[in-house]
Amino acid sequence: MRDYGKVSPQFWIGETGKQLRGNADAQLLALYLMTGPHSTMTGIFHCPVLYMAHETGLGMEGAAKALARLSEVGFCEYDDASETVFVVRMAAYQIGESLKPSDNRVAGLRKEVERMPETRAKSRFLAIYGPRFGLADEVQDE
């Protein structure tokens, strides 16, 4: 579990926030996925829908519908088989848009990537953030 996480006030007025207006369950689940006890700075983490349902109080049906909406607007991707979440823009908000090769965080990110399960989420993360974070040599074909 992380000790802290960043949630920008832009969440409410940005593109995704606007798309989620009127859907309080999806807004709640988005905030949970950004700040919950299972989340990571990379945005890739194991989190069964059962956890989402219980820890938000949405129930299974509410959590599943909210997750479907979040996937629909591109906020996150969910792999049912591995119960892995990928909050697509999480790393950009938690780490930054890019890192210099000399940044000490690159070594930590390499370790995080090594610990990630071999899922589509890991491949997508590396495709998006590998070049930006100096992880280009970690990029694998999907």
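Visitor: Which pattern does the protein follow, read along the sequence?

Guide: The protein runs α-α-β-α-α-β-β-α-α-α, where helices (H or I, at least four residues) and strands (E, at least two) are DSSP runs numbered from the N terminus. That comes to 7 helices and 3 strands. One thing to know early: this is a predicted model, where local features need pLDDT of at least 70, side-chain atom pairs count only at pLDDT 80 or more, and totals for chains, interfaces and linings use all residues. Residues are numbered from 1 along each chain as its sequence is written, and side-chain values use heavy atoms, leaving out hydrogens and water.

Visitor: What radius of gyration does the protein have, and what would a compact globule have?

Guide: The radius of gyration is taken over C-alpha atoms, and the globule rule is 2.2 Å times the number of residues to the power 0.38. With 142 residues, the rule gives a value near 14 Å, and the protein has 15 Å, so the two agree. Along its principal axes, the C-alpha trace spans about 45 × 35 × 30 Å.

Visitor: How many of the 142 residues, as a percentage, are buried?

Guide: Buried means under 20% relative accessible area, exposed over 50%, and partly exposed in between (1.4 Å probe, protein chains only). Here, buried residues make up 44% of the 142.

Visitor: How many disulfides are there?

Guide: A disulfide is a pair of cysteine sulfur atoms within 2.5 Å. By that rule the count is 0.

Visitor: Why is there no bond between C47 and C76?

Guide: The closest cysteine sulfur to that of C47 is in C76, and because the two are 10 Å apart, they are too far for a bond. As for cover, C47 is buried at 0% relative accessibility, and C76 is buried at 1%.

Visitor: Is L50 buried or exposed?

Guide: L50 counts as exposed, at 53% relative accessibility. You'll find L50 in helix α3 (residues 49–56).

Visitor: Where is K18, and which residues does K18 touch?

Guide: Look in helix α1 (residues 15–20) for K18. Contact means heavy atoms within 4.5 Å. Leaving aside residues up to four places away in sequence, K18 touches W12 and I13. K18 is partly exposed, with a relative accessible area of 49%. Now look across to A91: K18 and A91 are 73 residues apart along the chain, and their C-alpha atoms are separated by 21 Å.

Visitor: What share of the contacts comes from residues 24 or more positions apart?

Guide: Such pairs account for 60% of the contacts with a separation of 6 or more.
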